[in-house]
Amino acid sequence: MCLAVPMQLIEVDGRRGRVRGGGVELEVGLDLVGEVAPGDFVIVHAGFAIQQLSAEEAAESLEIFQRIEALLAEEDGRHD
Amino acid sequence: MTEIDRLVARLRRYQGPVLTFMEVCGTHTMAIARQGLKQLLPDTIRLVSGPGCPVCVTPVGYVDHALALAAREEVLLTTFGDLMRVPGSRPGSAPAPSLQQASAQGARVQVVYSPLNALQLAREHPESEVVFLGVGFETTTPTIAAAVLQAEAEGLANFSVLSAHKTIPEAMVLLSGAEDLGLAGYLCPGHVSVILGTGPYEPLAAVHGMACAVGGFEAAEVLRALVALVDQVEQGTPRVDNLYPGAVRPEGNPRARALVERVFEPADAAWRGIGVIPHSGLAFRKKYAAFDAALRFPVSLPAPVEPKGCRCGEVLRGVLDPVACPLFGRVCTPENPVGACMVSSEGSCAARYHYTLEA
Amino acid sequence: MILMGHGAGGRLSHQLVEEHFLPRFGSSALSELMDAGVVGELALTTDAFVVTPRVFPGGCLGRLAAAGTINDLCMVGAVPVGLSAAFILEEGFSLEELDLHVQALADCAAEAGVPVVAGDTKVVPRGAADGLFITTSGVGRLEGGFRPSPRLVRPGDAVIVSGTLGDHGMAVMALREGLALGGGELRSDVAPLAGLVRALRGAGLEVHAMRDPTRGGAAQSLLEIAGDAGVRITLDEAQIPVRGPVRAACEILGLDPLYVANEGKLLLILPAAQADEAVAVLRDARYGQAAAVIGRVEEGRGVVLRTSLGTTRSLRMAAGELLPRIC
């Protein structure tokens, strides 16, 4: 099995990058993908970006995270 | 009606003879078990787990080799967490030894998330030999090849890999012909296909008559792939459908494959419970022999002993339901695993044990 | 031989206690294996704290050592009245860091209104301990017949959690060597629960059982309660609160938030008719803002999770240490 998750690149420095997803950040190797830039979505496995994600697919995943986040934020706001 | 309801309704409309589909990806095994997806399927559609858990198909002799390396003073062993609990085969010792026990006895064993973490440890511990346990399928192999190339570029001489890498299409071809299984098709692995693309499955459809669908891991993604498989069977046109198109491109990731090809070459490989499958493994090319832990630290080990009564082999081939194994849940449990399928949390037996209602 | 899994709160921990400790001590208070033992009108508990790293987002070893023992007393219904703390220090340990932990321990105890009344220190040679270990003990008073126990749990009860699950375990795991998950949004929930329990008691709620789901997570605690009470607990997966970053980190590392440790949450079981009031009481108190009803008690056994698809799966105790699953 291969556990992999979609995340967004926030920094690119040569063959190293930093990705963010769902409030978590991770250092990744960029050796396995072509030209990428901050803002691109990638699939991350074992510390490497293994593929650039098409915009639609990324949006679908992001939407799930955002929905959860929005629900929690609403809940927090109600009781703070 | 939600999309899931519609997909389930479509599957339940299938009225023909029983269809058996196999998934060959541990993450699919887990996703299906965690979401209870089999409960949504009609009796006419069976979903079985194949050899998709890399730890499970790794021969017990490899674990013995890893344990022998862990026992060497200069070695700092690095591994994915998946391997820590897998028992080796040293006969007569109870419980069977594992890396977790070796670590408890003082061996240096470090769980890492990425081969890059192992590389970092090699930089920080120049006095140690950092050995990474290279276990995995096509998704993982490129990350290890990249780490090896990085080590070469940096001249890191104290980094090496004990390779047990495997490639999945050869096993799928082998099992497609197994009469006792009677497979109608494959739920093709999601992340392996990110690297491979859909091409390697074409012969399965064209030559072996297998329906093939690449699927993601959310409930809807798995169900979409199953609907595609049933469609193919009903239409009598086995082909390869890509139901995970955002992540899986037809050509896969050629750059990742090229890195793997630079470092490794195809080799015959032993699959636990299945036997040797020609060209289903990866061995270091001569040029990178210096990074091959098997060459750097040769060990002579007694022939590995498969645990008595363990039927992991049949479970891995999908012909035996885990609960039908006489050891399941009685002698063989996640904390005292006998066979590999119970060890890794994505193994068919462990997934069954953790997620299924008591019989 | 002792494995790391023997300390992880799962089945191995149970075996260790049941095979190696209980037969030799054999007191009836101990054999109930509650968070704290009860002698007459007093509750007594002790806990040793070791954590790597010692300082983590949201807390540190010192705060953990105070909160852990206070919470164990609270979970049996006792009002904590005093704590002791013993420090095992490794030769060479920084005094500055020691101050940090002692201050955090003191602050946490003060917040819960519990005085630290006794202490001890020992120094061991370099290499004989990993920096700093803290053991705390606590005494609490049982009053007003407030004595939650799994034996009181009945089919028809509601299961409530005081907030999001998995925060502590993921905050600590993210810092482990070789993982390095960043982003700053993973924070331990370590907190004393004395205020939450005081509020529940003050509201006159008929609390049947309470548990702070530390090692082994909520799954472990609920399995224990279901086993002791001889009932089935059915959880509604969609109602279980988990913060986005915890969910994401669990996904990256192949873990299930239900099995991840919490240090500032309580699970509460009481009659379903009082569930809404209990949630309101918790949400009004500090550390209870995200409280939610997550399940119910039924006839049967075990813990069953109902997924958002309407399918079910059973939960089992974890085998041992949580290990990231990658390949």
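## Where the two domains of chain B meet

One salt bridge is the count between domain 1 of chain B and domain 2 of chain B. This is a predicted model. The bridge joins the side chains of B:R317 and B:D180, at 3.4 Å from N to O. One residue pair in polar contact is also found across this interface by the rule, with both residues at pLDDT 80 or more.

Which parts of domain 1 touch domain 2 in chain B? Helix 2 (26-34), strand 2 (45-49) and helix 3 (54-57) of chain B each supply at least two residues to that side. Helix 2 of chain B gives the most, with five residues. By class, the residues on this side of domain 1 of chain B are 18 nonpolar, six polar and five charged.

Now the domains themselves. The domain assignment of chain B places domain 1 at 1-307 and domain 2 at 312-355. Their C-alpha centres lie 17 Å apart.

The contact has two sides, listed here by domain.

| Domain of chain B | Range | Residues in contact with the other domain |
|---|---|---|
| Domain 1 | 1-307 | 29 residues |
| Domain 2 | 312-355 | 21 residues |

How much area do the two domains of chain B bury between them? The value is about 2000 Å². Of this buried area, 65% is on carbon and sulfur atoms. The size of an interface is often given in this way, as the accessible area lost when the parts come together.

Terms used. Residues numbered from 1 in each chain as written. Chains lettered and ligands numbered in written order. Predicted model: local features only at pLDDT ≥ 70, side-chain atom pairs only at ≥ 80, totals over all residues. Heavy atoms only, no water. Domains from an automatic or database assignment. Contact = heavy atoms within 4.5 Å. Buried area = accessible area lost by both parts, 1.4 Å probe. Salt bridge = Lys/Arg side-chain N within 4 Å of Asp/Glu carboxyl O. Polar contact = N/O pair within 3.5 Å; in protein donor to acceptor, adjacent residues only side chain to side chain. Helix = DSSP H or I, 4+ residues; strand = E, 2+ residues; numbered from the N terminus. Nonpolar A, V, L, I, M, F, W, Y, C, P; charged D, E, K, R; others polar.
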